[in-house]
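Me: Please examine the structure shown here, with attention to its interior packing and strand pairing.

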Amino acid sequence: PLSRHPDTYNFSPPNRRTLNEYQLIYITKGSGCFESASIKKQTVNEGSIILLFPGEWHSYYPNINTGWDEYWVGFRGLHIDRRVEKNFFTKGEPLFNIGHSTTIVRLYEDILDLAKKEKTDYQQMISSMVLHMLGSIYYKRKNIQFKDSYMEEKIIEARQLIKDNIHGVLSQKDIASKLG
């Protein structure tokens, strides 16, 4: 951390830390480990995002041989609380392997730029960017499980059949039968 890094954010890996906010940490290069009160120690690789939860101890650190490059942003508020309440994000699944995302990197860089300039109401823009990041992460997590799979193919076929069935000629059973 930089010398002006606030003390509440400093920690050494053997010592656990608890924050009063959420944080999104995106590992863009390298690897390391992460653990929290809700999950045992896990390997973290480049392309991974860690979501830290307020009030929950955690520890994370880069591999001594590879190190890592990271972006992070801290936030809190009603929007994230509602998403957690509805189980879009859970303490039991705080790691997201989204791969390399130029969109996410661009959002982090824009957040950094806005925070440095501190123009009027810049927090509103940053808040929107964090929500965009959360939406992108959730979308990627939900869709990566079907990537290049038979299931993805069937989902696309089903959507098309449902769209083509605007007048309700086909029943759900007919659609299922057509999909095999």
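Me: Which residues touch the most other members of the largest nonpolar core?
Reply: In this predicted model, the largest nonpolar core holds 24 residues. β1 (22–36), β3, β5 (68–75), α2 (102–117) and α3 (122–144) each supply at least two of them. Within this core, the most other members are touched by Leu24 and Phe75.

Me: Which element supplies the largest share of this core?
Reply: α2 and α3 are both among the elements that supply at least two residues. Seven residues, the largest share, come from α3.

Me: What does Phe75 touch, not counting residues up to four places away in sequence?
Reply: The contacts of Phe75 include Leu51, Ile80 and Glu21. The others listed for Phe75 are Tyr22, Gln23, Leu24, Val130 and Leu134.

Me: How many residues form the other core, which lies apart from the largest?
Reply: Ile25, Phe34, Ile39 and Val44 are among its members. In total, this other core has ten residues.

Me: How many of the residues of β3 are buried?
Reply: On one side of β3, Ser48, Ile50 and Leu52 are buried. On the other side, Ile49 and Leu51 are buried as well. Both faces are thus covered, and the buried count in β3 is five of five.

Me: Which residue of β3 is the bridge partner of Ile25?
Reply: β1 and β3 run antiparallel and are joined by five bridges. In β3, Ile25 is partnered by Ile50.

Me: Which residue in β6 stands opposite Ser48?
Reply: Strand β6 (residues 95–97) pairs with β3 in the antiparallel sense, over three bridges. Opposite Ser48 stands Asn97.

Me: Where in the protein is confidence lowest?
Reply: The mean pLDDT of the protein is 85. Strand β3 (residues 48–52) has the highest confidence, at 96. The lowest, at a mean of 73, is in helix α4 (residues 150–164).

Terms used
Residues are numbered from 1 along each chain as its sequence is written. This is a predicted model: local features need pLDDT of at least 70, side-chain atom pairs count only at pLDDT 80 or more; totals for chains, interfaces and linings use all residues. Side-chain values use heavy atoms; hydrogens and water are left out. pLDDT is the predictor's confidence in each residue, from 0 to 100. Helices (H or I, at least four residues) and strands (E, at least two) are DSSP runs, numbered from the N terminus. A nonpolar core is a set of buried Ala, Val, Leu, Ile, Met, Phe, Trp, Tyr and Cys residues joined through side-chain atoms within 4.5 Å. Buried means under 20% relative accessible area, exposed over 50%, partly exposed in between (1.4 Å probe, protein chains only). Contact means heavy atoms within 4.5 Å. Two strands pair if DSSP finds at least two bridges between them.
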